[in-house]
Amino acid sequence: LSTGPTVPGAGQVLAWGSAASTLYAIRAVEGGPDAVTTRPVEPTSRPTGAPAATTRAFTLAPAAAQATTRPLTLALLRYERGQWVGVSELPPGTSTAANFALAAAGNKPLLAVSSDRGVVHTITWADSKWEDDGDVRTSARTSDFCLLTISHLAALWTIEPDGEMTLFLKHEDESW
C-alpha cells in the first residue's frame with residue numbers, strides 16, 4: 001500500500017533510506033534531479049459535490065517538458081512536504097550495475113556502493129556536495145551488504161554466501 005506519489009524515474013528504486021522524518025531514494029531519472037517536479041492533478045470531471053483531487057503526478061520541469069532522448073542519470077531524491085524533490089546526481093562513475101545501500105547519519109544521506117567484489121565505497125551528501133567517507137575492504141566472496149545508522153554511528157555489514165557476516169562501524173568524521 002502506498003499513500004504518497006510514486007518515486008519519479010525509470011527502472012527499480014536502487015536504494016531507500018531515512019533520517020528522522022525524511023525519506024530518501026536512489027533512482028535513474030531522465031534529465032537528472034533537476035528534471036523532477038510534482039504538480040497537483042485535477043480530474044477532467046468529477047461528480048457534483050465530490051472533493052477536488054489530492055493526488056499528484058510527476059512531470060518534467062517546464063524547460064524539459066518536450067520529449068527528449070536525454071540519458072538516465074542516477075539521482076538522490078528526497079520526499080518532503082508530500083512530493084519528491086531531486087537532491088543531487090550521484091558521483092561520476094556510479095552505475096546502475098552497482099549494489100547500493102542508503103541510510104542517513106546525523107541527517108546526512110550516507111551511500112554505500114559496490115561495483116567490485118571486495119570493496120564497498122561510502123560517500124555522504126553534506127553541504128550540497130558528495131564527501132568521500134572511505135572504502136570498506138570486504139571479502140571477495142561478499143554476496144551482499146547493508147547499511148544502518150544510529151545518530152552519528154554508521155554500521156555496514158557484509159554477508160557471505162555461506163551466511164557468515166562481518167560488521168564494520170564508523171563514527172562521524174572517523175574511518176571505518
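Across this predicted model, the chain averages a pLDDT of 81, and 80% of the residues score at least 70. Two stretches call for care, and I will take them in order along the chain. Over residues 39-46 the pLDDT is below 50, although this stretch has 14 contacts in the model beyond near neighbours in sequence. Over residues 52-66 the pLDDT is likewise below 50, and here the model shows 37 contacts beyond near neighbours in sequence. Where pLDDT is low, the predicted coordinates should not be read in detail.

Let me turn to the interior. The largest nonpolar core has 18 residues, and those with the most contacts inside it are Ile26, Leu76, Leu90, Phe100, Leu102, Leu111 and Trp130. Several strands supply at least two residues each to this core, among them E1 (10-19), E2 (22-30), E5 (72-80) and E8 (108-116). If we take Leu111 as an example and set aside residues up to four places away in sequence, Leu111 touches Ile26, Leu90, Phe100, Ala101, Leu102, His121, Thr122, Ile123, Trp130 and Leu147. There is also a second, separate core of eleven residues, which includes Ala103, Leu147, Leu156 and Phe168.

Finally, consider Lys108, which has its place in strand E8. Is Lys108 buried or exposed? With a relative accessible area of 29%, Lys108 falls in between and is described as partly exposed, because buried would require under 20% and exposed over 50%. Leaving aside neighbours within four places in sequence, Lys108 is in contact with Ala103, Thr124, Trp125, Ala126 and Glu172. For one of these, Ala126, which lies 18 residues from Lys108 along the chain, the C-alpha atoms of the pair are separated by 6.0 Å.

Definitions and conventions: Residues are numbered from 1 along each chain as its sequence is written. This is a predicted model: local features need pLDDT of at least 70, side-chain atom pairs count only at pLDDT 80 or more; totals for chains, interfaces and linings use all residues. Side-chain values use heavy atoms; hydrogens and water are left out. A nonpolar core is a set of buried Ala, Val, Leu, Ile, Met, Phe, Trp, Tyr and Cys residues joined through side-chain atoms within 4.5 Å. Buried means under 20% relative accessible area, exposed over 50%, partly exposed in between (1.4 Å probe, protein chains only). Helices (H or I, at least four residues) and strands (E, at least two) are DSSP runs, numbered from the N terminus. Contact means heavy atoms within 4.5 Å. pLDDT is the predictor's confidence in each residue, from 0 to 100.
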